[in-house]
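User: I am new to reading protein structures, and I would like to understand how the words used for them are justified. Could you take me through the reasoning, step by step?

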Amino acid sequence: MSHFDEALSAVQAALDAGARYADARVMVRRTESMTARDGDVEDLSSDESAGLGVRALVGSSWGFYAVPDLSDAAARAAGRRAALIAAASATVPGPPIDLVPAGAGEASWASDCVVDPLGVPLSAKGDLLVGATAAAKAAGADIAEALYHIWDTRKWFVSSEGHRIDQHIRECGAGVWASVIGEGEVQRRSWPSYGGQFGTRGWELVDELDLLTHAPRMAEEARALVTAPLCPAGETALILGGEQLALQIHESVGHAIELDRILGWEAAFAGTSWLDLEKLGSLRYGSDLMNITIDPTIPGALGSFGYDDEGTPAGKRDAVRDGIWVGVLAGRDSAAVAGLDYAGSVRSDGWARLPMVRMTNVGLEPGPHTLDEIIAATDDGVYMETNRSWSIDDRRLNFQFGCEIGYEVKNGKRGRLLRNPTYTGIGPKFWQSMDMLSSETIAWGTPNCGKGQPGQVGHTGHPSAPARFTNVRVGVRG
Amino acid sequence: MSVELDLAGRVVELVRSAAGPAARTEVMVEHNAEALTRFANSAIHQNVADATTVVRLRLHLDGRSSAGSTTITGPDGLRALVDRTIAAARVSPADPTWPGLTEPTPLHVSAGHPGSGIHSGLDFGFDEATARSDPGERAARVRDFVRAAGGLETAGFCRTVYVSAAFANSAGHAVEGRTAEAAMDGIARVDGSDGVARLASGRLADIDGAVLGARAAAKARAARGPVELPPGRYEVVLEPEAVADLLGNFAFFGFNGKLFNQRQSFAEIGAEQFDPSVTIVDDPLGSRGEPAPGVPFDGEGTPRATLVLVRDGVTKAVTHDRRSAAEAGTESTGHAWDGSRSWGPMATSMRLEAAPAGTESPPAEPSPTAEPGPTAESARPLVEHVERGLLITDFWYTRVLDPKSLVITGLTRNGVWLVEDGEVTSAVSNMRFTQSYPQALGIGMVRGIGAESILLPDRWSGVRFAAPALHLASWNLTGNASG
């Protein structure tokens, strides 16, 4: 069933009410999630949401309105309301707004999916989570938890420039984690990452994670951590697992290259960026090994799509090449303000929210090494994997991360376990210290990226592999 | 009867006809109209509104449980919700710890706001004008904020939220309520330094953009030319914005009944865990003339009530929904929400009690000709007692290193100053901290509490805090702008 007509009505109503540009998205989303704890299902929810959001540009001011009603009358009313809100914005107007071209046209796109995750019997999905948590519990976890999430989203996008685009995006993922209560603290191990691994794929992704096999090891490692020595404090060589490096990319590169932040549009909440547009193309972000791409075309990665929520076709672009900053995540209006000629990174988390600049797949291209080679080449350092905490300042410079598990690295060998490993640093200094990078790339998915007001939760992808950084401060604690 | 209560009742009946009288059903219907006018670079750049009704169904059938929701509230949408939730329950694993339904229970009367609601008998101080506010009213407050900043670059938002909600279950319990919230949160910026002003209220009329804009600008001007201080332990005065972060993390990790049951929380009922000057209350019904911040019942229909979490330094309670309460062998405290099964029940209206009147010296009247300084009025008497320490406006990006000890890392934001011998002597660049929150408020660590609690919005709607300024003996700053 198509919903182009309703979107078209909303756009036309906004134009009739004075908008010089308008676009509208109808979105119908089915989601399903389950959590299990200690061998029992804890929560199961199956949800459906449908509605229309319309964006109107009146003069130099935007307005947005959304309704859950897909009738023609409601769509027209929403279009008029968006134009009315835009007119109110003119009370405190900004500079004139232009939009860079978005390649208007009719198109249809769907993500690859081998096994429809909503078609897998609930009993089979329940058995998986129950079995994984029971196995972790039996292996010594005080608390064993697991989850899966499924999103099945259909979108119909219409703009006053002639866009007619429909997309069907299916995403899912799962994870299991074990906690052991120690003396005054909690130790946790997660597989394959905390909160799970996610992608724009079918249930085959979850099958590949093999939760049942890995769950007992998570419990054993969590228990071993309780009595492990603390990660020592000091400066040393730091080797990061690919999953932790994915979050490092997300926080200290992905958010920093968001053009809305660079322009100050997020200054009061998410913050700004340390990057200055005048240095685009010349600023050294990292070492020569650092090559970051913005690529929503990667099959199966969580930040993939056919067209963004402004109708711009997905395309690959460099953000950092040979360590030099060369690209940003942009939308049609922010690109025009910045004098750039590309957009393509604007999405909303649902029909009720304004599309805004979001990461797509922002990832690190593979290096020449393997993790084993990196460890073998390290005389003295710490290896950390699996994120536990993350914090970074509002300019995306000063970060501190905690990981679930650390290992001493001495004379080229992985040694004893270390508990509560943390590391801290300043973005460009840290990236410029990257001297070894693995080729073992995985496109990690982050399904919980918060941004915007009202708040939106974004889905992003981050291809990354293990890497080594020199002279990093580790072992920060309270 | 509200539209929402009618909808809830219809869904209960639909389940009864489809699954029989043995089905145990609870339905929450929430209509949420949120409007937010956002500004940056001193212009309105995002201006949004939506009106959404969500129907949430939870049922227990033949020993198995499931849940579902929809925004499609026509007959077909409701039927589809009921059918798929029943189907999910039938193939779900057994749920032996299902805690049962809330029996018909009257809502609690707010001492400040006895009213005359249609079904509940209460109106909880609901402000109709806020619920019906228009984009022009929000834009006018933004205009006032921008003008009052006197040419400094500004950014922030003005928000209004109207919620009408109803709950019904198959045990015959049916309640309804409505609420409105207004909030403004903005910064002013100059020479790379920021200042902030933030306020929440049940009434949009209480939000004065000019007052907030002037306050943010005064802070930003005073924050210019910051010096970098070495990491270390510092005596601190936290302004209400920073204190709100403590309350939010206590709600999420400390007083969360699920984490408490799992022994992942620091909380020990009956233990002296805080300085005797500390009293923390969850206050969902409003107080002191302030309308209630939310509807008077939770997602399981349990009436909300004031809950004392800490009194005079002694931990008294944690928050529960029906499931965590059953596990702990106690009663629900009215803190269920749609994510509480997974994340645990959480307080959403936390208040740190201000110092009793008379125990703090009253703030000095500012001279009409004096340049506004960096210090919030309520923090001024505390700053006067600092020998050498930091005045911190706000915290940012705080994350938990360990949930049980509640060691948190984060950064300062929107203004930090060095205080020497009771006087602000210089602005300081932002610093990173790594600090156990309960230890920071431990016995002997609280040197003073401000005389006034300020109502502050969370950055995401639906939660608010009442926080005074706090003078603490020690805060562990672990990094500065250099790393």
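**Reasoning from values to words**

Analyst: We can begin with a single pair of residues: B:Val281 has B:Val308 as its bridge partner, and B:Val308 lies in strand 9 of chain B. Please keep in mind throughout that this is a predicted model.

User: What makes strand 8 and strand 9 of chain B a pair?

Analyst: Two strands count as paired if at least two bridges are found between them. Strand 8 (residues 280–282) and strand 9 (residues 307–311) of chain B are joined by three bridges and run antiparallel, which meets that requirement.

User: Which sheet of chain B has the order 10-9-8-11-18-17, and why are strand 10 and strand 17 of chain B said to stand at the edges?

Analyst: The order belongs to an open sheet of six strands, in which the pairing is mixed. Strand 10 (314–315) and strand 17 (454–457) of chain B each have a single partner strand, so one side of each is left without a neighbour in the sheet.

User: What are the edge strands of the open sheet 12-11-10-15 in chain A?

Analyst: That sheet is formed by four strands with antiparallel pairing. Its edge strands are strand 12 (324–325) and strand 15 (362–364) of chain A, each of which pairs on one side only. Strand 15 of chain A is joined by three bridges to strand 10 (residues 292–294) of chain A, and the two run antiparallel. One of the residue pairs involved is A:Ile294 with its bridge partner A:Val362 in strand 15 of chain A.

User: Why is strand 5 of chain A called largely enclosed?

Analyst: A residue counts as buried when its relative accessible area is under 20%. Of the 17 residues of strand 5 (residues 143–159) of chain A, 15 are buried, so the strand is largely enclosed by the rest of the structure.

User: Which strands pair with strand 5 of chain A, and over how many bridges?

Analyst: Strand 1 (residues 21–37) of chain A pairs with strand 5 of chain A over 15 bridges, in the antiparallel sense, and within strand 5 of chain A the residue opposite A:Ala36 is A:Ala146. Strand 6 (residues 164–181) of chain A also pairs with strand 5 of chain A in the antiparallel sense, over 16 bridges; here A:His149 has A:Gly173, in strand 6 of chain A, as its bridge partner. Strand 5 and strand 6 of chain A form a hairpin with four residues between the strands, where A:Gly162 takes a positive phi near 105°.

User: How do you know that the span of helix 1 of chain B agrees with its number of residues?

Analyst: Helix 1 of chain B has 17 residues (residues 3–19), which at 1.5 Å a residue should span 24 Å, and because its end C-alpha atoms are 24 Å apart, the two values agree. Several residues of helix 1 of chain B are buried, among them B:Leu5, B:Val11 and B:Leu14. The buried residues of this helix pack against several elements of chain B, including strand 1 (24–40), helix 2 (75–91) and strand 5 (174–190). Just after helix 1 of chain B, B:Gly20 takes a positive phi of about 90°.

User: Why is chain B called as compact as a globular protein of its length?

Analyst: Chain B contains eleven helices and 19 strands. Its radius of gyration is 24 Å, close to the 23 Å given by the globule rule for 483 residues, so chain B is as compact as a globular protein of that length. Of those 483 residues, 63% count as buried.

User: How do you know that chain A agrees with a compact globule?

Analyst: For 478 residues a compact globule would have a radius of gyration near 23 Å, and chain A has 23 Å, so the value agrees. Chain A holds ten helices and 23 strands, and buried residues make up 67% of its 478 residues.

User: Why does A:Cys449 not form a bond with A:Cys403?

Analyst: A disulfide requires two cysteine sulfur atoms within 2.5 Å. The sulfur of A:Cys449 is 19 Å from the closest cysteine sulfur, which is in A:Cys403, and this is too far for a bond. A search of the whole structure finds zero disulfides over all chains.

User: What makes A:Cys449 and B:Cys158 count as buried?

Analyst: The cut-off is a relative accessible area under 20%. A:Cys449 has 4% relative accessibility and therefore counts as buried, and B:Cys158, with a relative accessible area of 0%, is buried too.

Technical notes:
Residues are numbered from 1 along each chain as its sequence is written. Chains are lettered from A and ligands numbered from 1 in the order in which they are written. This is a predicted model: local features need pLDDT of at least 70, side-chain atom pairs count only at pLDDT 80 or more; totals for chains, interfaces and linings use all residues. Side-chain values use heavy atoms; hydrogens and water are left out. Buried means under 20% relative accessible area, exposed over 50%, partly exposed in between (1.4 Å probe, protein chains only). The expected span of a helix is 1.5 Å times one less than its number of residues. Contact means heavy atoms within 4.5 Å. The radius of gyration is taken over C-alpha atoms; the globule rule is 2.2 Å times the number of residues to the power 0.38.
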